[in-house]
Amino acid sequence: MRHMIKKYRKSLMIMATLFSTLAGNAQPTALPAPEKTGGATIMEALWNRKACREFSDRSLTEQQLSNLLWAATGVNRPDEGKRTNATAVNMQEVSVYAVLPSGVCLYDHATHSLRKVANGDHRQLVAAGQDFVNDAPVSLVIVVDMGKFGDRQEMMRPMGAADAGIVAQNISLFCAATGLATVIRGTMDRKALQKLLGLKEGQEPLLNCPVGYARQH
Ligand SMILES: Cc1cc2nc3c(=O)[nH]c(=O)nc-3n(C[C@H](O)[C@H](O)[C@H](O)COP(=O)(O)O)c2cc1C
């Protein structure tokens, strides 16, 4: 038990350090390298996957956040610059923002780092009425840049939505495989998030996933 409390305190301290660095620093914050092993088997993850709507306030460690973001949309073939998530015609039009208690950061897949775009706790913009989201230590907002499809935007719209869903499923399966909890959501204050994240025309927040630990009863 004492070991568990010590481990929990340590993970809180690591996250507090990461977040205070992020809060005061416009430079990208490097994440630890994503791990290459660990987690349940793919069959176990599929058996475990489910929506969670009751989170504890337990933080993730820096390593868990690193693994989570890499699983969502990190580079898995550095020679080709290709990613864990498939995208239509390899357009790579999907970005992920981490909404944390002390700020909002864009995940830079190329450097596996976080770039702060806003200070403060904006989780309520993701919650948009579903209050359980405010308990989860991080929410990942999945943004699709339809502008990348140029004059084929209307035709490619379903592809953008499918590509966002693929990132969400990566997150879901990562959580199911590693003892974390999540729910894929379409609900959020899109307009306010577009402004907060400084999105340009064509960039649309399509889905989000609060991630943390399921509250135990
Ligand atoms: C595209 C999409 C949007 C969703 N939006 C929400 C949402 O806004 N809020 C929510 O609580 N659940 C949302 N869900 C979760 C579904 O309600 C949930 O997956 C469904 O009830 C099946 O439960 P399961 O995931 O545990 O199998 C969404 C799921 C998907 C795939």
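Start by selecting β5 and strand β6 (residues 113-119) in this predicted model. The two pair in the antiparallel sense, over six bridges. For a specific pair to click on, take Y107: its bridge partner in β6 is L114. The two strands make a hairpin with four residues between them. Pick H112 in that turn and check its backbone, where phi is positive, at about 45°.

Stay on β5 and look at its other hairpin. β4 (94-100) and β5 (103-108) are antiparallel and joined by four bridges, with two residues between the strands. Show V99 as sticks and you'll find V104 of β5 standing opposite. How much of β5 is covered? Mostly covered is the verdict, with five of its six residues buried.

Now go across β4 to β7 (138-145). β4 and β7 pair over six bridges, again in the antiparallel sense. Label Y97 and V141 here, since V141 in β7 is the bridge partner of Y97.

Time to colour the whole sheet. In what order do the seven strands of the open sheet run? Going across, you get β1-β6-β5-β4-β7-β9-β8, with antiparallel pairing. At the edges are β1 (29-30) and β8 (181-182); each has a single partner strand, so one side of each has no neighbour in the sheet.

Next, add the helices, beginning with α3 (62-73). This helix lies across β1, β4, β5, β6, β7 and β9, and runs at about 25° to β7. Want a quick geometry check? Put a distance monitor on the end C-alpha atoms of α3: they sit 17 Å apart, and that agrees with the 16 Å which twelve residues should span at 1.5 Å a residue. α3 is also mostly covered, with nine of its twelve residues buried. Select Q64, L65, S66, N67, L68, L69, A71, A72 and T73 to see the buried set.

Then bring in α5 (153-178). α5 packs on the sheet and touches β4, β7, β8 and β9. Look along β9 and compare directions: α5 makes about 10° with that strand.

With the sheet and both helices on screen, switch to side chains. The largest nonpolar core has 34 residues, and those with the most contacts inside it are L68, L69, V138, L140, I142, I171 and V211. Which elements each supply at least two residues of this core? They are α3, β4, β5, β7, α5 and β9 (203-212). α5 gives the most, with seven residues.

For a close-up, centre on I142. Leaving out residues up to four places away in sequence, I142 touches V94, S95, V96, A164, V167, A168, I171, E204, P205, L206, L207 and C209. Once you've seen that, hide the group and look for a second, separate core of 21 residues, which includes C52, F132, M188 and L197.

Finally, zoom out to the full chain. There are six helices and nine strands in the protein chain. Buried residues account for 45% of its 217 residues. If you plot a contact map, take the contacts between residues at least 6 apart in sequence: 72% of them join residues at least 24 apart. Last, turn on the surface. The accessible area of the protein chain comes to about 11200 Å², and 55% of that belongs to carbon and sulfur atoms.

Key. Residues numbered from 1 in each chain as written. Predicted model: local features only at pLDDT ≥ 70, side-chain atom pairs only at ≥ 80, totals over all residues. Heavy atoms only, no water. Core = buried A, V, L, I, M, F, W, Y, C linked by side-chain atoms within 4.5 Å. Buried < 20%, exposed > 50% of the residue type's maximum accessible area, 1.4 Å probe, protein only. Contact = heavy atoms within 4.5 Å. Areas by Shrake-Rupley, 256 points an atom, 1.4 Å probe, with all protein chains shown as cover. Expected span 1.5 Å × (residues − 1). Pairing = 2+ DSSP bridges. Axes fitted to C-alpha atoms, helices over the stretch in contact; angles between N-to-C directions.
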